[in-house]
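User: I'd like a close look at one part of this model, set against the chain as a whole. Please take your time and link the pieces together.

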Amino acid sequence: MYVSAWHICFHSNVFSKQMKVRRSFSIVILPFEDIEEIKKSQHAFINPSITIILRVGAGGQGVPPLASTDGRAKYMFASFWNRNHAHKTLERAVKNFQAMEEAEKEEKEQAALRAHSSSNKGSHIASELMASTQDDTTLQDIDRTFQPFIKDDVVVPIITKEVFPCTAEQFFNKLLNDDSMFTHQYRAERKDTDIKLEQWHIADEYSGLLREISFRSLCNNPMCPPDTAMTEWQHSVFTANKSVLVFETVQQAHDVPFGSYFEVHSRWVLETTSESSCTIDIKVGAHFKKWCLMQSKIKTGLLSEYKKDIELMLKVARDYLESSKQVGSIDRNNDETQKNNNSK
(Lines give C-alpha, C1' and ligand atoms only; values in the text may rest on other atoms or scores of the structure.)
Protein backbone atom coordinates (compact mmCIF):
# COMPACT_ATOMS: atom_id res chain seq x y z
CA MET A 1 0.00 0.00 0.00
CA TYR A 2 1.26 3.47 -0.98
CA VAL A 3 -0.13 6.72 0.44
CA SER A 4 0.37 10.02 -1.38
CA ALA A 5 -1.06 13.50 -0.76
CA TRP A 6 -4.06 12.77 -3.02
CA HIS A 7 -4.52 8.97 -3.23
CA ILE A 8 -4.30 5.64 -1.46
CA CYS A 9 -2.78 3.12 -3.87
CA PHE A 10 -2.40 -0.64 -3.59
CA HIS A 11 -0.31 -3.04 -5.68
CA SER A 12 -0.18 -6.81 -5.42
CA ASN A 13 1.02 -9.78 -7.45
CA VAL A 14 -1.04 -12.29 -5.49
CA PHE A 15 -4.40 -10.53 -5.14
CA SER A 16 -6.15 -13.51 -6.78
CA LYS A 17 -5.15 -16.39 -8.98
CA GLN A 18 -7.64 -15.38 -11.65
CA MET A 19 -6.34 -11.80 -11.70
CA LYS A 20 -2.78 -12.96 -11.66
CA VAL A 21 -3.25 -15.16 -14.70
CA ARG A 22 -5.03 -12.46 -16.64
CA ARG A 23 -2.92 -9.39 -15.76
CA SER A 24 0.09 -10.72 -13.78
CA PHE A 25 -0.55 -8.02 -11.14
CA SER A 26 -3.43 -6.01 -9.64
CA ILE A 27 -3.77 -2.40 -8.55
CA VAL A 28 -6.24 -0.24 -6.64
CA ILE A 29 -6.25 3.58 -6.72
CA LEU A 30 -8.56 5.43 -4.30
CA PRO A 31 -8.73 9.26 -4.42
CA PHE A 32 -8.99 10.83 -0.95
CA GLU A 33 -11.82 13.07 -2.19
CA ASP A 34 -13.97 9.95 -2.72
CA ILE A 35 -13.28 8.33 0.68
CA GLU A 36 -16.15 8.54 3.16
CA GLU A 37 -14.98 6.19 5.91
CA ILE A 38 -11.95 4.13 6.94
CA LYS A 39 -12.71 1.50 9.57
CA LYS A 40 -11.13 -1.53 11.18
CA SER A 41 -12.58 -4.90 10.14
CA GLN A 42 -11.85 -8.62 10.11
CA HIS A 43 -11.02 -10.82 7.14
CA ALA A 44 -12.01 -14.48 7.50
CA PHE A 45 -12.73 -13.78 11.21
CA ILE A 46 -9.06 -14.09 12.23
CA ASN A 47 -7.12 -11.71 9.98
CA PRO A 48 -7.25 -8.02 11.10
CA SER A 49 -8.04 -5.82 8.12
CA ILE A 50 -9.04 -2.29 7.10
CA THR A 51 -12.12 -1.47 5.03
CA ILE A 52 -12.19 1.74 3.01
CA ILE A 53 -15.68 2.92 2.03
CA LEU A 54 -16.21 5.41 -0.77
CA ARG A 55 -19.07 7.87 -1.13
CA VAL A 56 -22.14 6.88 -3.15
CA GLY A 57 -21.47 7.10 -6.87
CA ALA A 58 -17.68 6.97 -6.52
CA GLY A 59 -15.50 4.04 -7.45
CA GLY A 60 -11.81 3.45 -7.32
CA GLN A 61 -9.62 2.46 -10.23
CA GLY A 62 -8.30 -1.05 -10.76
CA VAL A 63 -9.70 -4.13 -9.03
CA PRO A 64 -13.53 -4.02 -8.71
CA PRO A 65 -14.85 -3.20 -5.19
CA LEU A 66 -16.64 -5.61 -2.86
CA ALA A 67 -20.38 -6.14 -3.30
CA SER A 68 -22.43 -3.55 -1.38
CA THR A 69 -26.14 -3.11 -0.61
CA ASP A 70 -26.07 0.65 0.06
CA GLY A 71 -24.45 1.74 -3.22
CA ARG A 72 -21.11 2.59 -1.64
CA ALA A 73 -17.97 0.96 -3.04
CA LYS A 74 -15.94 -0.91 -0.41
CA TYR A 75 -12.35 -2.16 -0.47
CA MET A 76 -10.92 -4.49 2.19
CA PHE A 77 -7.16 -4.71 2.81
CA ALA A 78 -5.62 -7.33 5.07
CA SER A 79 -2.30 -8.87 6.18
CA PHE A 80 -0.95 -5.68 7.80
CA TRP A 81 2.16 -6.00 9.92
CA ASN A 82 0.54 -3.55 12.38
CA ARG A 83 -3.13 -2.93 11.53
CA ASN A 84 -3.69 -0.24 14.21
CA HIS A 85 -0.68 1.79 13.11
CA ALA A 86 -1.75 1.53 9.45
CA HIS A 87 -5.29 2.63 10.35
CA LYS A 88 -4.03 5.72 12.22
CA THR A 89 -1.73 6.57 9.30
CA LEU A 90 -4.57 6.39 6.78
CA GLU A 91 -6.89 8.48 8.97
CA ARG A 92 -4.15 11.09 9.39
CA ALA A 93 -3.62 11.17 5.61
CA VAL A 94 -7.35 11.80 5.08
CA LYS A 95 -7.31 14.67 7.60
CA ASN A 96 -4.25 16.18 5.89
CA PHE A 97 -6.02 16.02 2.53
CA GLN A 98 -9.14 17.66 3.98
CA ALA A 99 -7.01 20.42 5.51
CA MET A 100 -5.30 20.93 2.15
CA GLU A 101 -8.70 21.15 0.45
CA GLU A 102 -9.87 23.76 2.97
CA ALA A 103 -6.68 25.75 2.40
CA GLU A 104 -7.22 25.62 -1.37
CA LYS A 105 -10.82 26.77 -0.92
CA GLU A 106 -9.64 29.67 1.21
CA GLU A 107 -7.00 30.56 -1.39
CA LYS A 108 -9.62 30.62 -4.13
CA GLU A 109 -11.75 32.95 -2.01
CA GLN A 110 -8.75 35.22 -1.41
CA ALA A 111 -7.91 35.25 -5.12
CA ALA A 112 -11.53 36.07 -5.96
CA LEU A 113 -11.45 38.85 -3.37
CA ARG A 114 -8.31 40.35 -4.90
CA ALA A 115 -9.80 40.04 -8.38
CA HIS A 116 -13.00 41.73 -7.19
CA SER A 117 -11.00 44.55 -5.56
CA SER A 118 -8.94 44.98 -8.73
CA SER A 119 -12.12 45.37 -10.76
CA ASN A 120 -13.38 48.26 -8.58
CA LYS A 121 -11.17 50.89 -10.17
CA GLY A 122 -11.71 54.63 -9.71
CA SER A 123 -10.39 57.71 -11.46
CA HIS A 124 -9.23 59.64 -8.40
CA ILE A 125 -5.62 60.60 -7.73
CA ALA A 126 -3.87 57.99 -5.58
CA SER A 127 -2.69 60.52 -2.97
CA GLU A 128 -6.29 61.75 -2.53
CA LEU A 129 -7.58 58.19 -2.21
CA MET A 130 -4.89 57.36 0.34
CA ALA A 131 -5.76 60.45 2.38
CA SER A 132 -9.44 59.50 2.38
CA THR A 133 -8.79 56.04 3.82
CA GLN A 134 -6.68 57.02 6.84
CA ASP A 135 -8.99 58.39 9.58
CA ASP A 136 -7.45 57.22 12.90
CA THR A 137 -5.81 54.09 11.52
CA THR A 138 -2.89 52.67 13.52
CA LEU A 139 -0.45 49.91 12.63
CA GLN A 140 -2.30 47.60 15.06
CA ASP A 141 -5.57 48.35 13.24
CA ILE A 142 -3.99 47.33 9.95
CA ASP A 143 -2.80 44.05 11.45
CA ARG A 144 -5.98 43.14 13.36
CA THR A 145 -9.04 44.90 12.01
CA PHE A 146 -8.92 44.50 8.25
CA GLN A 147 -8.84 41.50 5.94
CA PRO A 148 -5.21 40.23 5.81
CA PHE A 149 -3.65 40.75 2.38
CA ILE A 150 -0.75 38.32 2.87
CA LYS A 151 -0.04 35.25 5.00
CA ASP A 152 2.01 36.52 7.95
CA ASP A 153 3.04 33.03 9.00
CA VAL A 154 5.03 32.35 5.80
CA VAL A 155 7.12 35.53 5.57
CA VAL A 156 10.56 35.83 7.18
CA PRO A 157 12.80 38.92 7.60
CA ILE A 158 15.37 39.56 4.89
CA ILE A 159 16.06 43.26 5.58
CA THR A 160 15.76 44.89 9.01
CA LYS A 161 15.96 48.59 9.93
CA GLU A 162 17.69 49.69 6.74
CA VAL A 163 17.89 53.48 6.55
CA PHE A 164 16.39 55.01 3.40
CA PRO A 165 16.77 58.68 2.32
CA CYS A 166 13.12 59.78 2.39
CA THR A 167 10.11 59.66 4.67
CA ALA A 168 7.43 56.96 4.44
CA GLU A 169 5.04 59.45 2.84
CA GLN A 170 7.67 60.57 0.31
CA PHE A 171 8.36 56.91 -0.54
CA PHE A 172 4.76 56.46 -1.63
CA ASN A 173 4.39 59.84 -3.37
CA LYS A 174 7.68 59.70 -5.29
CA LEU A 175 8.09 55.96 -5.96
CA LEU A 176 4.68 54.27 -5.83
CA ASN A 177 2.23 56.95 -6.94
CA ASP A 178 0.42 56.59 -10.25
CA ASP A 179 2.44 59.37 -11.94
CA SER A 180 5.82 57.95 -10.84
CA MET A 181 8.05 56.27 -13.42
CA PHE A 182 9.98 54.33 -10.77
CA THR A 183 8.19 51.00 -11.31
CA HIS A 184 8.88 51.15 -15.05
CA GLN A 185 12.56 51.96 -14.44
CA TYR A 186 12.92 49.14 -11.93
CA ARG A 187 11.21 46.62 -14.23
CA ALA A 188 13.35 47.80 -17.16
CA GLU A 189 16.46 47.28 -15.02
CA ARG A 190 15.32 43.70 -14.43
CA LYS A 191 14.74 43.33 -18.18
CA ASP A 192 11.03 42.65 -17.65
CA THR A 193 8.76 43.19 -20.66
CA ASP A 194 5.06 43.73 -21.47
CA ILE A 195 4.59 45.81 -18.32
CA LYS A 196 0.98 46.78 -17.58
CA LEU A 197 0.52 48.96 -14.51
CA GLU A 198 -2.98 49.73 -13.26
CA GLN A 199 -3.88 52.74 -11.12
CA TRP A 200 -4.31 52.61 -7.38
CA HIS A 201 -7.90 52.32 -6.18
CA ILE A 202 -9.65 51.93 -2.85
CA ALA A 203 -9.85 48.35 -1.55
CA ASP A 204 -12.56 48.19 1.11
CA GLU A 205 -11.77 44.58 2.01
CA TYR A 206 -8.16 45.38 2.92
CA SER A 207 -8.27 49.13 3.76
CA GLY A 208 -5.85 51.44 1.96
CA LEU A 209 -5.21 51.10 -1.77
CA LEU A 210 -4.77 48.23 -4.20
CA ARG A 211 -3.43 47.88 -7.73
CA GLU A 212 -2.41 45.12 -10.15
CA ILE A 213 0.75 44.82 -12.25
CA SER A 214 1.38 42.27 -15.00
CA PHE A 215 4.62 41.67 -16.88
CA ARG A 216 6.89 39.01 -18.34
CA SER A 217 9.98 38.13 -16.35
CA LEU A 218 13.16 36.31 -17.35
CA CYS A 219 13.78 32.88 -15.76
CA ASN A 220 17.28 31.86 -14.69
CA ASN A 221 16.41 28.32 -13.61
CA PRO A 222 17.24 25.56 -16.16
CA MET A 223 13.96 23.81 -15.27
CA CYS A 224 11.95 26.87 -16.34
CA PRO A 225 11.12 28.39 -19.74
CA PRO A 226 13.13 31.46 -20.92
CA ASP A 227 10.51 33.77 -19.43
CA THR A 228 7.16 33.65 -17.67
CA ALA A 229 4.04 35.75 -17.34
CA MET A 230 3.71 37.30 -13.87
CA THR A 231 0.89 39.00 -11.98
CA GLU A 232 1.55 41.08 -8.89
CA TRP A 233 -1.07 42.59 -6.58
CA GLN A 234 0.13 45.53 -4.47
CA HIS A 235 -1.48 46.89 -1.30
CA SER A 236 -0.54 50.15 0.46
CA VAL A 237 -1.88 51.72 3.63
CA PHE A 238 -0.65 54.49 5.96
CA THR A 239 -1.18 54.98 9.68
CA ALA A 240 -3.15 58.09 10.60
CA ASN A 241 -0.16 60.45 10.88
CA LYS A 242 1.47 58.96 7.75
CA SER A 243 4.60 58.12 9.71
CA VAL A 244 4.30 54.41 8.86
CA LEU A 245 3.61 52.94 5.42
CA VAL A 246 2.75 49.25 4.99
CA PHE A 247 3.40 48.05 1.43
CA GLU A 248 2.47 44.43 0.66
CA THR A 249 2.68 42.36 -2.50
CA VAL A 250 1.38 38.98 -3.69
CA GLN A 251 3.10 37.63 -6.79
CA GLN A 252 1.96 34.75 -9.01
CA ALA A 253 4.09 33.08 -11.70
CA HIS A 254 2.04 31.51 -14.51
CA ASP A 255 4.41 29.53 -16.77
CA VAL A 256 6.99 27.94 -14.44
CA PRO A 257 6.77 24.36 -13.11
CA PHE A 258 4.50 24.23 -10.03
CA GLY A 259 3.77 27.94 -10.59
CA SER A 260 0.09 27.48 -9.70
CA TYR A 261 1.05 25.79 -6.43
CA PHE A 262 2.53 28.82 -4.68
CA GLU A 263 2.55 32.61 -4.37
CA VAL A 264 5.32 34.96 -3.27
CA HIS A 265 4.19 37.16 -0.37
CA SER A 266 6.10 40.19 0.92
CA ARG A 267 5.55 42.96 3.43
CA TRP A 268 7.43 46.25 3.63
CA VAL A 269 7.06 48.42 6.73
CA LEU A 270 8.52 51.92 6.33
CA GLU A 271 8.69 54.09 9.45
CA THR A 272 9.67 57.77 9.27
CA THR A 273 12.57 58.61 11.61
CA SER A 274 13.35 62.21 10.52
CA GLU A 275 12.30 64.83 7.98
CA SER A 276 14.40 63.15 5.32
CA SER A 277 14.75 59.48 6.25
CA CYS A 278 12.93 56.33 7.29
CA THR A 279 13.74 52.73 8.20
CA ILE A 280 12.63 49.78 6.09
CA ASP A 281 11.79 46.28 7.32
CA ILE A 282 11.10 43.69 4.62
CA LYS A 283 9.75 40.18 5.02
CA VAL A 284 9.18 37.66 2.24
CA GLY A 285 8.11 34.05 1.86
CA ALA A 286 6.43 31.43 -0.32
CA HIS A 287 2.84 30.56 0.45
CA PHE A 288 2.02 27.09 -0.91
CA LYS A 289 -1.58 26.51 -1.90
CA LYS A 290 -0.76 22.85 -2.64
CA TRP A 291 1.98 20.55 -1.43
CA CYS A 292 4.67 19.57 -3.96
CA LEU A 293 7.94 17.65 -3.96
CA MET A 294 9.99 20.76 -4.83
CA GLN A 295 8.59 22.81 -1.95
CA SER A 296 11.79 23.08 0.10
CA LYS A 297 13.95 23.86 -2.92
CA ILE A 298 11.47 26.48 -4.17
CA LYS A 299 11.48 28.24 -0.78
CA THR A 300 15.28 28.34 -0.62
CA GLY A 301 15.70 29.58 -4.19
CA LEU A 302 12.91 32.12 -3.78
CA LEU A 303 14.48 33.79 -0.73
CA SER A 304 17.85 34.02 -2.48
CA GLU A 305 16.37 35.50 -5.67
CA TYR A 306 14.05 37.91 -3.88
CA LYS A 307 16.87 39.29 -1.74
CA LYS A 308 18.78 40.14 -4.92
CA ASP A 309 15.66 41.78 -6.35
CA ILE A 310 15.20 43.86 -3.19
CA GLU A 311 18.81 45.06 -3.32
CA LEU A 312 18.33 46.07 -6.96
CA MET A 313 14.98 47.72 -6.21
CA LEU A 314 16.42 49.81 -3.37
CA LYS A 315 19.39 50.82 -5.53
CA VAL A 316 17.12 51.92 -8.38
CA ALA A 317 14.89 53.74 -5.86
CA ARG A 318 17.85 55.69 -4.43
CA ASP A 319 19.02 56.62 -7.93
CA TYR A 320 15.48 57.67 -8.89
CA LEU A 321 15.14 59.92 -5.83
CA GLU A 322 18.55 61.48 -6.50
CA SER A 323 17.69 62.20 -10.13
CA SER A 324 14.33 63.68 -9.04
CA LYS A 325 16.15 66.04 -6.67
CA GLN A 326 18.49 67.14 -9.46
CA VAL A 327 15.60 67.77 -11.83
CA GLY A 328 13.80 69.71 -9.09
CA SER A 329 16.89 71.80 -8.42
CA ILE A 330 17.27 72.61 -12.13
CA ASP A 331 13.58 73.60 -12.34
CA ARG A 332 13.93 75.92 -9.33
CA ASN A 333 17.02 77.54 -10.82
CA ASN A 334 15.20 78.09 -14.11
CA ASP A 335 12.25 79.64 -12.27
CA GLU A 336 14.54 82.02 -10.38
CA THR A 337 16.34 82.98 -13.58
CA GLN A 338 13.01 83.67 -15.29
CA LYS A 339 11.87 85.84 -12.37
CA ASN A 340 15.10 87.83 -12.43
CA ASN A 341 14.77 88.40 -16.19
CA ASN A 342 11.19 89.52 -15.78
CA SER A 343 12.16 92.00 -13.01
CA LYS A 344 14.81 93.55 -15.25
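Among contacts between residues at least 6 apart in sequence, what percentage join residues at least 24 apart? With that as background, please walk me through the largest pocket and the salt bridges.

Analyst: Happy to! One caution before we start: this is a predicted model. To your question, 61% of the contacts between residues at least 6 apart in sequence join residues at least 24 apart. The protein has 344 residues, and 40% of them count as buried. Its secondary structure comes to 7 helices and 15 strands. About 19,400 Å² is exposed, with carbon and sulfur atoms supplying 52% of that area.

Now to the part you asked about. The largest pocket holds about 1,200 Å³ of space. Its lining is made by 45 residues, and those nearest the centre are Leu218, Gly301, Leu302, Glu305 and Asp309. Helices and strands both contribute: α6 (182-189), β11 (209-218), β12 (227-238), β13 (244-253), β14 (262-274) and α7 each give at least two residues to the lining. Helix α7 has the largest share, with 11 residues.

Asp309 is a good place to pass from the pocket to the charges. Besides being among the residues nearest the pocket centre, Asp309 belongs to a network of salt bridges that also links Arg187, Arg190, Asp192 and Glu232. One pair in this group is Asp192 with Arg187, whose closest N and O atoms are 3.2 Å apart. Both partners, Asp192 and Arg187, are buried.

The structure holds 14 salt bridges, and two others are worth following along the chain. Lys289 pairs with Glu263, with closest N and O atoms 3.9 Å apart. Because Lys289 sits in the loop between β15 and α7 while Glu263 is in strand β14, this pair ties together parts 26 residues apart in sequence. Strand β14 is also one of the elements supplying the pocket lining. Lys289 and Glu263 are both buried.

The second pair is Glu169 with Lys242, where the closest N and O atoms are 3.7 Å apart. Here distant parts of the chain are linked, since Glu169 is in helix α5 (residues 168-176) and Lys242 is in the loop between β12 and β13, 73 residues away. Glu169 has a relative accessible area of 31%, so it counts as partly exposed. Lys242 is partly exposed too, at 21%, which is over the 20% under which a residue would count as buried.

Let's return to the loop that carries Lys289, for Trp291 is also found between β15 (277-288) and α7 (295-343). Trp291 is partly exposed, with a relative accessible area of 42%. Together with Trp6 and Leu293, Trp291 makes a nonpolar surface patch of about 360 Å². The loop thus carries a buried lysine, Lys289, and a partly exposed tryptophan, Trp291.

For a last stop, look at His87 in helix α2 (residues 83-119). His87 has a relative accessible area of 9%, so it is buried. Leaving aside residues up to four places away in sequence, His87 touches Ile38, Lys39, Lys40 and Ile50.

Terms used. Residues are numbered from 1 along each chain as its sequence is written. This is a predicted model: local features need pLDDT of at least 70, side-chain atom pairs count only at pLDDT 80 or more; totals for chains, interfaces and linings use all residues. Side-chain values use heavy atoms; hydrogens and water are left out. Helices (H or I, at least four residues) and strands (E, at least two) are DSSP runs, numbered from the N terminus. Buried means under 20% relative accessible area, exposed over 50%, partly exposed in between (1.4 Å probe, protein chains only). Contact means heavy atoms within 4.5 Å. Patches are made of residues with over 30% relative accessible area and no salt bridge: like charges are joined within 9 Å, nonpolar side chains (Val, Leu, Ile, Met, Phe, Trp, Tyr) within 5 Å. Accessible areas come from the Shrake-Rupley method with a 1.4 Å probe; for residues, only the protein chains shown count as cover. A salt bridge is a side-chain nitrogen of Lys or Arg within 4 Å of a carboxyl oxygen of Asp or Glu. On a 1 Å grid over the protein atoms alone, a cavity is a set of points where a 1.4 Å probe fits but cannot get out, and a pocket is an open set with protein on both sides within 12 Å along at least five of seven lines; lining residues have an atom within 4 Å of a point. Grid points are joined across faces, edges and corners, and a volume is the space filled by probe spheres set on the points.
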